[in-house]
Amino acid sequence: MSDTLVTTSPAEIPTPTIAELEADPHGVFRRYRATMSVIGHEGLGFLVLRAGDIDRLIRDPRVRQIETEFALARGITGGTLLEFFTEGMLTSNGAVHRRRRSPFSRSFAARVIAELRPVLRRNAEELIDRWRPGEEIDFIEGFAGLLPAQAIAGLLGLPPQDIPRFTQLVYGATRALSLSYAPEDLPDIEADMRSLKAYVEGLLAERRAAPQNDFLSAYLCDADQKGEMSALEIVIQVMQMIIGGTDTTRGAMAAQVSLLLQRRHQWDMVCRDLALVPAAVTEALRYEPSVASVGRFLQEDVELDGLTLPAGQMVTLALISGLRDERVYHMPDVFDIRRTEQPRLHPVFGGGPHRCIGEALARAELEEGLAALATRVPELEPVGEPFRLLGHFGIRRVSPMRVRRAR
Ligand code: HEM
């Protein structure tokens, strides 16, 4: 691993400021993408903008997952935050990555998750049925955040009464995976990550002492038998599953409902014909992805469009830009659930060995959640400012979102 990172790009490549990218990621990427496949990034090497290049590089063996490069570049040099990067599946490679990820693969496989759909639908309906007619609802807190938290809690075996505690810790801790914090915020983010770790350690200690019929107990038993992972690795993988399962789907749920409610005709189409739900979810994940980009590290020089990206640098694959690439999508800045040119594998979930392990779960939650809303509250109205997903790197932040149940 190299610790020599570029902080500025070669002079001939334009480098928008982080402030510009945060303020209007779509606008900045649209402007450059027309004529350039790669631009510089103020702190993270290069940004790759086009769908074809992103798809190729994410599976290119010369381009590996970042390990601690991003953390170190962001001033994270120790504590639980650094452990999150050194011990977790997300930021590891090769055999280490495989042994950290594989214990989860079966439980999160599409066919297993498909059986959960009736439970997810029922959970969503129960949340909606709490809303009184005419009431103004905090949609993030009362629905978009709760449904994924309930699902991951149910799957892993976390007590439902812990949801308020672990969700708040996750929302704080995931800031480490964005560029939305200043150096002085790091102690707070570290405190949330440390508390999340203590929470998971407590749960695992309980399961060791008294195994139950749940995922965590089976995971521990399996890990202990195999003996391939340290106690710290076991804790960090569970933290990554909780984090992955809590935050990204919250943003995606709010975005899809907001995008549809702002275009009443398309919302009404979905309410009239639930067969359109999967296409609506796919289009919302394209139009406003809740994960903006993934970071990678160049192990060798890579040629891109006549430019040599040098070995030893970080590169950011800007999914948010590729998902509006004019080369793939017709009129990409239009939200249209009737699109027919969506790729078979949705790029929002990444690609290669790190492709999202929670994809099937996320889709099931988003589809069942939307179907429940379309059936139970077709008269739902947006209230106040339209919802926004914010940020151009990693997991995007959510703005407030309020809705009203009209009758
Ligand atoms: C709309 C919702 C979601 C989106 C957009 C999303 C997106 C992504 C992306 C792009 C990656 C690849 C990261 C990389 O290559 O660097 C990823 C990995 C991951 N996701 Fe998701 N995700 C979502 C939901 C979930 C859910 C529900 C879970 C939990 C069950 C989850 C758990 C994970 C984990 C643990 C990884 C790391 C996998 C690995 O490194 O092998 N995600 N996700």
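**Figure 1. Close-up of E190 in helix α12 of the predicted model**. In this predicted model, E190 belongs to helix α12, the helix that runs over residues 186-209. The relative accessible area of E190 is 13%, and this residue is therefore classed as buried, the cut-off for that class being under 20%. Along the sequence, E190 and L90 are 100 residues apart, and in space their C-alpha atoms are 18 Å apart.

**Figure 2. Close-up of the ligand and the residues around it**. The ligand is surrounded by 29 residues, of which H97, R101, R296, H354 and C356 are the closest. The space that the ligand takes up is the largest cavity of the predicted model. Sorted by residue type, the shell around the ligand consists of 17 nonpolar, 10 polar and two charged residues. Helix α6 (94-105), helix α14, strand β5 (294-298) and helix α18 (359-376) each provide at least two residues of this shell, and the largest share, six residues, is supplied by α14.

**Figure 3. Close-up of polar side-chain atoms beside oxygen atoms of the ligand, shown for Q65, R296 and H354**. For Q65, a polar atom of the side chain lies 2.9 Å from an oxygen atom of the ligand. R296, one of the closest residues to the ligand, has a polar side-chain atom at 2.7 Å from an oxygen atom of the ligand. H354, which is likewise listed among the closest residues, places a polar side-chain atom 2.6 Å from a ligand oxygen atom.

**Figure 4. Close-up of helix α14, residues 231-261**. With 31 residues at 1.5 Å a residue, α14 should span 45 Å, and the 46 Å between its end C-alpha atoms agrees with that expectation. Because 28 of its 31 residues are buried, α14 is largely enclosed by the rest of the structure. In the shell around the ligand, six residues come from α14, and this is the largest share.

**Figure 5. Close-up of helix α18 and its residue L370**. For the 18 residues of α18, a rise of 1.5 Å a residue gives an expected span of 26 Å, with which the 25 Å separation of the end C-alpha atoms agrees. Of these 18 residues, 15 are buried, so α18 is largely enclosed by the rest of the structure. L370 lies in this helix, and its relative accessibility of 0% is why it counts as buried. Although L370 and A280 are 90 residues apart along the chain, their C-alpha atoms are separated by 9.0 Å. Helix α18 also supplies at least two residues of the shell around the ligand.

**Figure 6. Close-up of A124 in helix α8**. A124 is found in helix α8, which comprises residues 117-129. Its relative accessible area is 0%, so A124 is buried. A124 and T316 are 192 residues apart along the chain, and the distance between their C-alpha atoms is 35 Å.

**Figure 7. Close-up of S399 in the loop between β11 and β12**. The loop that holds S399 connects strand β11 (397-398) with strand β12 (402-404). Although it is in a loop, S399 counts as buried, because its relative accessibility is 14% and the cut-off for buried is under 20%. The side chain of S399 reaches the backbone nitrogen of R388 at a distance of 2.8 Å.

**Figure 8. Close-up of two loop residues with a positive phi, D305 and M331**. D305 is not a glycine, yet its phi is positive, at about 55°. This residue is placed in the loop between strand β6 (302-304) and strand β7 (307-309), and with a relative accessibility of 59% D305 counts as exposed, since that class begins over 50%. M331, which is not a glycine either, has a positive phi of about 45°. The loop that contains M331 lies between helix α17 (319-322) and helix α18.

Terms used. Residues are numbered from 1 along each chain as its sequence is written. This is a predicted model: local features need pLDDT of at least 70, side-chain atom pairs count only at pLDDT 80 or more; totals for chains, interfaces and linings use all residues. Side-chain values use heavy atoms; hydrogens and water are left out. Helices (H or I, at least four residues) and strands (E, at least two) are DSSP runs, numbered from the N terminus. The expected span of a helix is 1.5 Å times one less than its number of residues. Buried means under 20% relative accessible area, exposed over 50%, partly exposed in between (1.4 Å probe, protein chains only). A residue is near a molecule or strand if one of its heavy atoms lies within 4 Å of it. A polar contact is a pair of N or O atoms within 3.5 Å; within protein, one must be able to donate a hydrogen and the other to accept it, and residues adjacent in sequence count only if both atoms are side-chain atoms. On a 1 Å grid over the protein atoms alone, a cavity is a set of points where a 1.4 Å probe fits but cannot get out, and a pocket is an open set with protein on both sides within 12 Å along at least five of seven lines; lining residues have an atom within 4 Å of a point. A molecule sits in a cavity or pocket if more than half of its atoms lie within 2 Å of its grid points. Ala, Val, Leu, Ile, Met, Phe, Trp, Tyr, Cys and Pro count as nonpolar, Asp, Glu, Lys and Arg as charged, and the others, Gly among them, as polar.
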